[in-house]
Amino acid sequence: MASSLDGLVFVPVADQAPGQVGTRTRFTYHEQDGRVWAEYSGGDVVRGHLVGTRADDTIDFRYVQLRPDGTTASGHCVSLVTELPDGRLRLEETWTWESQEGSGTSAVEQPL
């Protein structure tokens, strides 16, 4: 199992569609006793929160975010925690919107 996410910052490796997480978004993760949560903001996200659980290297969570136009969006995501060759952590994500149409994959990793 990869090390704890507690206190780690992650950034997306690529931009998503407008109104979603992008390379200017920063996530700050917390982890305790199999529970995971994070705050995030930046780019097209004014404020976002995620909360879920971790079993080994799989995180299952729900997210909700506020956009600059005042709209909100929410969804479900399952992430696989992997370790990069240089020791940084990466989360490979498979997500589905619950508040609107759409699903996809993305990745966030610790910045260099």
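**Exercise 1. Decide whether Glu109 is buried or exposed, and find its salt-bridge partner**.

*Solution.* Start with the area: Glu109 has a relative accessible area of 15%. Buried means under 20%, so Glu109 counts as buried. Keep in mind as you work that this is a predicted model. Next, look for the partner: Glu109 forms a salt bridge with Arg90, and their closest N and O atoms are 2.7 Å apart. Then place the two along the chain: Glu109 lies in strand S8 and Arg90 in strand S7, 19 residues apart, so the pair links distant parts of the chain. Finally, follow the shared partners: Asp86, Arg88, Arg90, Glu92 and Glu109 are joined into one network of salt bridges.

**Exercise 2. Compare the burial of the partners in two other salt bridges, Asp33 with Arg35 and Arg54 with Asp57.**

*Solution.* Take Asp33 and Arg35 to begin with: their side chains meet at 3.9 Å, N to O. Asp33 is exposed, at 66% relative accessible area, while Arg35 is partly exposed at 44%. Now turn to Arg54 and Asp57, whose side chains meet at 3.1 Å, N to O. Here Arg54 and Asp57 are both buried. The structure holds eight salt bridges.

**Exercise 3. Work out which side chains of strand S3 (residues 35–42) point to the buried face, and how S3 is paired**.

*Solution.* Walk along the strand and watch the side chains alternate. Val36, Ala38, Tyr40 and Gly42 point to one face and are buried. Arg35, Trp37, Glu39 and Ser41 point to the other face and are not buried.

Now check the neighbours:

- Strand S2 (residues 26–32) runs antiparallel to S3, joined by seven bridges; Ala38 is the bridge partner of Tyr29.
- Strand S4 (residues 45–55) also pairs with S3 in the antiparallel sense, over seven bridges; Val51 is the bridge partner of Trp37.

Last, look at the turns. Two residues separate S2 from S3 in their hairpin, where Asp33 has a positive phi of about 50°. The hairpin of S3 and S4 has two residues between the strands as well, and Gly43 takes a positive phi near 65°.

**Exercise 4. Find the cavity and describe its lining**.

*Solution.* The structure holds one cavity of 30 Å³ or more. The largest cavity has a volume of about 240 Å³. Of its 18 lining residues, Val21, Phe27, Glu93, Trp95 and Ser106 are closest to the centre. Strands S5 (58–66), S7 (89–97) and S8 each give two or more residues to this lining. Sorted by class, the lining has 13 nonpolar, four polar and one charged residues.

Definitions and conventions: Residues numbered from 1 in each chain as written. Predicted model: local features only at pLDDT ≥ 70, side-chain atom pairs only at ≥ 80, totals over all residues. Heavy atoms only, no water. Buried < 20%, exposed > 50% of the residue type's maximum accessible area, 1.4 Å probe, protein only. Helix = DSSP H or I, 4+ residues; strand = E, 2+ residues; numbered from the N terminus. Pairing = 2+ DSSP bridges. 1 Å grid on protein atoms, 1.4 Å probe; cavity = no way out; pocket = protein on both sides within 12 Å on 5 of 7 lines; lining within 4 Å. Points joined across faces, edges and corners; volume = space filled by probe spheres on them. Nonpolar A, V, L, I, M, F, W, Y, C, P; charged D, E, K, R; others polar. Salt bridge = Lys/Arg side-chain N within 4 Å of Asp/Glu carboxyl O.
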